[in-house]
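I opened this notebook to record how the strands are paired and where the aromatic rings meet. The entries below follow the order in which I looked things up.

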Amino acid sequence: QVQLVESGGGLVQAGGSLRLSCAASGRTFSGYAMGWFRQAPGKEREFVATISSSGRNTYYLDSVKGRFTISRDNAKNTVYLQMNSLKPEDTAVYYCAARWSYGTSYNYYTDSSDYPNWGQGTQVTVSS
């Protein structure tokens, strides 16, 4: 089991940037594939980005490609989501999630049911 704590959310104007962080507990962080999801009011939770345990492989929601970048620092037990050129439609609570993937072939984990471990979320609000 891994504990996840997100930070870095806030209020930003359209076109601005934010960097979200997700700090994980435990000494086996490098064995987890990590994902970012978001949920806007009245909508279902939506996949945003995922990164493999090594950090070599990433995958994004089409609407954030070229604007968002997922990365990780396994020495710091932290995964990041750099968000640039933010739009009002990016407004949501953002969650990080973890899935144990040590020893498995890389796969794109894009469904929320793929991840058993979740953080509490951080609010991102983009004003127009």
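**Entry 1: Strand β9 and its partners**

I began with β9 and found that 2 bridges join β9 to strand β10 (residues 117-118), the two running antiparallel. In this pairing A98 stands opposite N117 of β10. I note that the model is a predicted one.

I then looked up the pairing of β9 with strand β11 (residues 122-127), which is antiparallel and comprises 3 bridges. Here Y94 stands opposite T122 in β11.

The pairing of β9 with strand β4 came next. Strand β4 covers residues 32-39 and β9 covers residues 92-100; 8 bridges join the two in the antiparallel sense. I recorded W36 as standing opposite C96 in β9.

**Entry 2: From β4 through β5 to β6**

I followed β4 to β5 and counted 5 bridges between these antiparallel strands. F37 stands opposite F47 in β5. The two strands form a hairpin with 6 residues between them, and G42 in the turn has a positive phi of about 75 degrees.

Is strand β5 mostly covered or mostly open? I found that 5 of the 6 residues in β5 (residues 46-51) are buried, hence mostly covered.

On to the next strand: β5 is joined to β6 (residues 58-60) by 3 bridges, and the two run antiparallel. The bridge partner of A49 is Y60 in β6. This hairpin also has 6 residues between its strands, and G55 takes a positive phi near 90 degrees.

**Entry 3: The sheet of β1, β3, β8 and β7**

I turned to an open sheet of 4 strands, ordered β1-β3-β8-β7, with antiparallel pairing. Which strands lie at its edges? They are β1 (4-7) and β7 (68-73), each of which pairs on one side only. Neighbouring strands of this sheet are turned by 15 degrees against each other on average, direction ignored.

I examined one pairing in detail. Strand β7 is joined to β8 (residues 78-83) by 6 bridges, and these strands run antiparallel. In this pairing I70 stands opposite L81 in β8. As a reminder to myself, side chains in a regular strand alternate between the two faces of the sheet.

**Entry 4: Aromatic rings and Y59**

I listed the aromatic pairs and obtained a count of 10. One of them is Y59 with Y108, a tilted pair at 4.4 Å centre to centre with 40 degrees between the planes. This pair links distant parts of the chain, since Y59 lies in strand β6 and Y108 in the loop between β9 and β10, 49 residues apart.

Ring pairs also link a wider cluster, made up of F37, F47, Y59, Y95, Y108, Y109, Y115 and W118. Thus F37 and F47, noted above as standing opposite each other, are both members of this cluster.

I next asked how Y59 and Y108 are classed by accessibility. Y59 counts as partly exposed because its relative accessibility is 33%, between the limits of 20% for buried and 50% for exposed. Y108 is likewise partly exposed, with a relative accessible area of 45%.

Finally, I looked at the surface around Y59. Y59, Y106 and Y108 form a nonpolar patch there, with about 280 Å² of accessible area together. Y59 and Y108 therefore appear in my notes both as an aromatic pair and as members of this surface patch, with Y59 partly exposed at 33%.

Definitions and conventions. Residues are numbered from 1 along each chain as its sequence is written. This is a predicted model: local features need pLDDT of at least 70, side-chain atom pairs count only at pLDDT 80 or more; totals for chains, interfaces and linings use all residues. Side-chain values use heavy atoms; hydrogens and water are left out. Two strands pair if DSSP finds at least two bridges between them. Axes are lines fitted to C-alpha atoms, for helices over the stretch in contact, and angles run from 0 to 180 degrees between N-to-C directions. Buried means under 20% relative accessible area, exposed over 50%, partly exposed in between (1.4 Å probe, protein chains only). Patches are made of residues with over 30% relative accessible area and no salt bridge: like charges are joined within 9 Å, nonpolar side chains (Val, Leu, Ile, Met, Phe, Trp, Tyr) within 5 Å. Accessible areas come from the Shrake-Rupley method with a 1.4 Å probe; for residues, only the protein chains shown count as cover. A salt bridge is a side-chain nitrogen of Lys or Arg within 4 Å of a carboxyl oxygen of Asp or Glu. Rings of Phe, Tyr and Trp (its six-membered ring) pair if their centres lie within 6.5 Å; planes under 30 degrees apart count as stacked, over 60 as edge-to-face and the rest as tilted.
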